[in-house]
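Student: I have this model open on my screen and would like to look closely at one part of it. Please pick a single element, walk me around it, and then show me how the rest of the chain is arranged about it.

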Amino acid sequence: MERLTDLQSMGRAFARYILDIRQGWAAASPEVRAKLVRDRMEDLFRETPATDPWIQRLLTERPAHLELYRDPEAGFVQMAHYHSPMHASPPHDHGEHWVVYGVYSGDIEICTYRWLPDVKALRTLDRHHLTSGQARIYAAGDIHATRQCAAQGSVVLRFLSTDLKRVPRSHYRWEDVTEEVES
Ligand SMILES: [Fe+2]
């Protein structure tokens with residue numbers, strides 16, 4: 001219940017978002033959980049006025065990383081980020097765990113890749129722009145990278161299905177990427 005108090009201080013829409021996810025979490029498969037988070041995150045963006053405290057903080061203080069919520073039972077973590085105009089995060093995966101990226105305001109490009117062990121390079125599979133109000137799932141093992149596109153920067157949410165600190169992951173360099181897009 002102490003978490004509920006914390007949540008309510010975040011604004012009504014954010015509290016509802018977390019409680020809905022908590023409610024759906026136990027009974028669902030990883031795929032269903034990911035879809036629930038994506039759909040509810042898009043609802044959250046629609047329902048959150050820019051005056052809500054967590055958005056206010058992101059827009060005024062512009063933190064690179066801000067943990068909004070960590071669930072003590074399910075273990076998921078809701079991160080928020082202000083991506084400044086030059087921000088880019090090189091290719092990486094989240095190990096065996098899925099992630100949902102969403103944009104409250106702005107525009108980021110997310111590319112996905114396939115690792116080609118024979119030539120030790122990443123082939124670009126997909127380029128996708130996430131713009132204001134949109135959220136998208138990246139599955140377990142998906143190699144992805146983000147680049148900031150909006151001139152004014154972006155407010156980005158990252159829902160981690162587990163705390164990544166203890167998860168074995170792969171990280172790559174931009175130089176590993178080939179520009180070919182698979183059809
Ligand atoms: Fe990521």
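**A close look at helix α3**

Tutor: Happy to! The chain contains four helices and 10 strands, and please keep in mind that this is a predicted model. Reading from the N terminus, the elements come in the order α-α-α-α-β-β-β-β-β-β-β-β-β-β. Let us settle on α3.

Helix α3 covers residues 30–47, which makes 18 residues. At 1.5 Å a residue these should span 26 Å, and the end C-alpha atoms lie 25 Å apart, so the length agrees with what is expected. Now turn the helix and see which residues are buried: R33, A34, V37, R40, M41, L44 and F45. Because these residues take up an arc of only 145 degrees around the axis, they sit on the same side of α3. Look at the other side of α3 and you will find E31, V32 and R46, which are exposed.

What lies over that buried side? The cover includes the helix α2 (12–25) as well as the strands β4 (99–105), β7 (134–138) and β9 (154–160). Let us visit the helix before the strands.

Helix α2 can be checked in the way we checked α3. Its 14 residues, at 1.5 Å each, should span 20 Å, and its end C-alpha atoms are 20 Å apart, so expectation and model agree. In α2 the buried residues are F14, Y17, I18 and I21. They lie on the same side of α2, because their arc around the axis is only 90 degrees.

Now for the strands. β4, β7 and β9 belong to an open sheet of five strands, ordered β1-β2-β9-β4-β7 and paired antiparallel. The edges are held by β1 (66–70) and β7, and each has a single partner strand, so one side of each is left without a neighbour in the sheet. From one strand to the next, the twist averages 20 degrees.

Follow the sheet to its β1 edge. There β1 runs antiparallel to β2 (residues 77–83), and four bridges join the two. One place to check this on your screen is L66, which faces A80 in β2; another is R70, whose bridge partner in β2 is V77. Six residues lie between the strands of this hairpin, and G75 has a positive phi near 85 degrees.

Just before that hairpin in the sequence, there are two residues worth a stop. L59 belongs to helix α4 (residues 53–61). This leucine counts as partly exposed, because 14 C-beta neighbours fall inside 10 Å. If neighbours within four places in sequence are set aside, L59 is in contact with A50 and V155. From L59 to Y82 there are 23 residues in sequence, while their C-alpha atoms are 7.6 Å apart in space.

R62 is found in the loop between α4 and β1. Most residues other than glycine have a negative phi. R62 has a positive phi of about 50 degrees, although it is not a glycine. With 14 C-beta neighbours inside 10 Å, R62 is counted as partly exposed. You can set K120 beside it: phi there is near 50 degrees, again positive in a residue other than glycine. K120 sits in the loop between β5 (107–116) and β6 (121–131). It is exposed, because only 9 other C-beta atoms come within 10 Å, and 12 or fewer is the cut-off for that label.

Finally, step back to the whole chain. Its C-alpha atoms fill a box of roughly 55 × 40 × 30 Å along the principal axes. A compact globule of 183 residues would have a radius of gyration near 16 Å, and the chain has 17 Å, which agrees. Buried residues account for 29% of the 183 residues. Among contacts with a separation of 6 or more, 76% are made by residues 24 or more positions apart.

So when you go back to α3, start from the buried side with R33, A34, V37, R40, M41, L44 and F45, then look outward to α2, β4, β7 and β9, which are included in its cover.

Notes:
Residues are numbered from 1 along each chain as its sequence is written. This is a predicted model: local features need pLDDT of at least 70, side-chain atom pairs count only at pLDDT 80 or more; totals for chains, interfaces and linings use all residues. The expected span of a helix is 1.5 Å times one less than its number of residues. A residue is buried if 20 or more other C-beta atoms lie within 10 Å of its own, exposed if 12 or fewer, and partly exposed in between; C-beta atoms are placed from the backbone. The arc is that of the directions from the helix axis to the C-beta atoms. Two residues are in contact if their C-beta atoms, placed from the backbone, lie within 7 Å. Two strands pair if DSSP finds at least two bridges between them. Axes are lines fitted to C-alpha atoms, for helices over the stretch in contact, and angles run from 0 to 180 degrees between N-to-C directions. The radius of gyration is taken over C-alpha atoms; the globule rule is 2.2 Å times the number of residues to the power 0.38.
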